[in-house]
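Let's take a friendly walk through one corner of this protein. Keep the picture beside you as you read, and try to find each piece as it comes up.

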Amino acid sequence: MAELEVRVVSERREGLLLELGRVVYEYGHVLVRQRLVQEAQGACLTLVLRGPTEQQRALEDALGTHPRVLRLESNRAVRVDDVAAAVAEPAAPAAVVNDPGEEWSLPSGADVARVERMLPGLAKDYPRIFPWLINLEYAVPAEARDASLYLAGKRTGAWVFKRDFSLGARLALGDAIKRIALPALRVLVTVEQHEHCLHVRGCPLCQPGSPSGGRFFGGFIEGLLAESADASGITVRETRCHSLGAPVCVFEVFH
């Protein structure tokens, strides 16, 4: 396997990452990192991809002939180590998956099997989880996207709570947000607390013009607080989103 870096130019940036991401997934590659900027010649999207070497040429052809792409440049010089390291048995963090007998309220429409297959790798790479989540967005049907992100968030949040915060006493909701949700989120994103609201700046899952990825963070916060707050029925609602033009994504926590 190898890493492939491609740079594409398009007339507009809206939805570009999502559309090309589906092509990337079809050719057996995963997204390692991405950068999207607006330049004089148009929207320039740089993708670093990882996948089978024998599929790289076909992937380049598919991307180069995509109707959204005006120009494509590629660089195959970046190599990765043997794929055995990537498929090795996951260590203890695989506990993101349900404990035996643990009950979960599964969101209707989630691709549960795909989320569960992803969780050990996501836990192994934590906190570098956004490539996994972006690939999940591409891999599931559009109608299952939000529910699958929410399920991945809730499972991950519950695992982080058990790993890092489970020894503490139950807290009032405001204190639980301050002492648990806020530091856990800061490992992933830039975030501020405003009473019972969390403001996330520059969310990698909520790029302007693309579908919101806020359902992951809603599930993540709920998973973190479900057993930590001295209140039942914790619910998180995204009230503003960067993908819709807001300067920050805002998540309101209530019960």
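How far apart are the end C-alpha atoms of helix α7? In this predicted model, α7 covers residues 214-225, and its end C-alpha atoms are 17 Å apart. At 1.5 Å a residue, its twelve residues should span 16 Å, which agrees with that distance.

Is α7 enclosed or open? Eleven of its twelve residues are buried, so the helix is largely enclosed by the rest of the structure. Among the buried residues are Phe216, Phe217 and Phe220, along with Gly214, Gly218, Gly219 and Gly223. Glu222 is also on the list of buried residues. What do they pack against? Their partners include the helices α4 (130-139), α5 (145-164) and α6 (173-186). The strands β6 (197-201), β7 (235-240) and β8 (249-254) are partners of these buried residues too.

Now for the sheet. Its four strands form an open sheet in the order β5-β6-β8-β7, with antiparallel pairing. The edge strands, β5 and β7, each pair on one side only. From one strand to the next, the twist averages 25 degrees. As general background, strands of a sheet pair through backbone hydrogen bonds, either parallel or antiparallel. Here, β6 and β8 run antiparallel and are joined by four bridges. In one of these strands, β8, Phe251 is the bridge partner of Leu198.

Two helices meet this sheet, and the table sets them side by side.

| Helix | Strands it meets | Angle |
|---|---|---|
| α6 | lies across β5, β6 and β8 | about 170 degrees to β5 |
| α7 | touches β6, β7 and β8 | about 35 degrees with β8 |

Finally, zoom in on a single residue, Gln193, which lies in strand β5 (residues 190-194). Is Gln193 buried, exposed or partly exposed? Its relative accessible area is 24%, and buried means under 20% while exposed means over 50%, so Gln193 is partly exposed.

Which residues does Gln193 touch, leaving aside its neighbours within four places in sequence? Gln193 is in contact with Gly174, Ile177, Lys178, Leu182 and Leu198. Leu198 is the residue whose bridge partner is Phe251 in β8. Gln193 and Leu182 are eleven residues apart in sequence, and their C-alpha atoms are 7.0 Å apart in space. The side chain of Gln193 also reaches the backbone oxygen of Glu195, at 2.9 Å.

Notes:
Residues are numbered from 1 along each chain as its sequence is written. This is a predicted model: local features need pLDDT of at least 70, side-chain atom pairs count only at pLDDT 80 or more; totals for chains, interfaces and linings use all residues. Side-chain values use heavy atoms; hydrogens and water are left out. Helices (H or I, at least four residues) and strands (E, at least two) are DSSP runs, numbered from the N terminus. The expected span of a helix is 1.5 Å times one less than its number of residues. Buried means under 20% relative accessible area, exposed over 50%, partly exposed in between (1.4 Å probe, protein chains only). Contact means heavy atoms within 4.5 Å. A polar contact is a pair of N or O atoms within 3.5 Å; within protein, one must be able to donate a hydrogen and the other to accept it, and residues adjacent in sequence count only if both atoms are side-chain atoms. Two strands pair if DSSP finds at least two bridges between them. Axes are lines fitted to C-alpha atoms, for helices over the stretch in contact, and angles run from 0 to 180 degrees between N-to-C directions.
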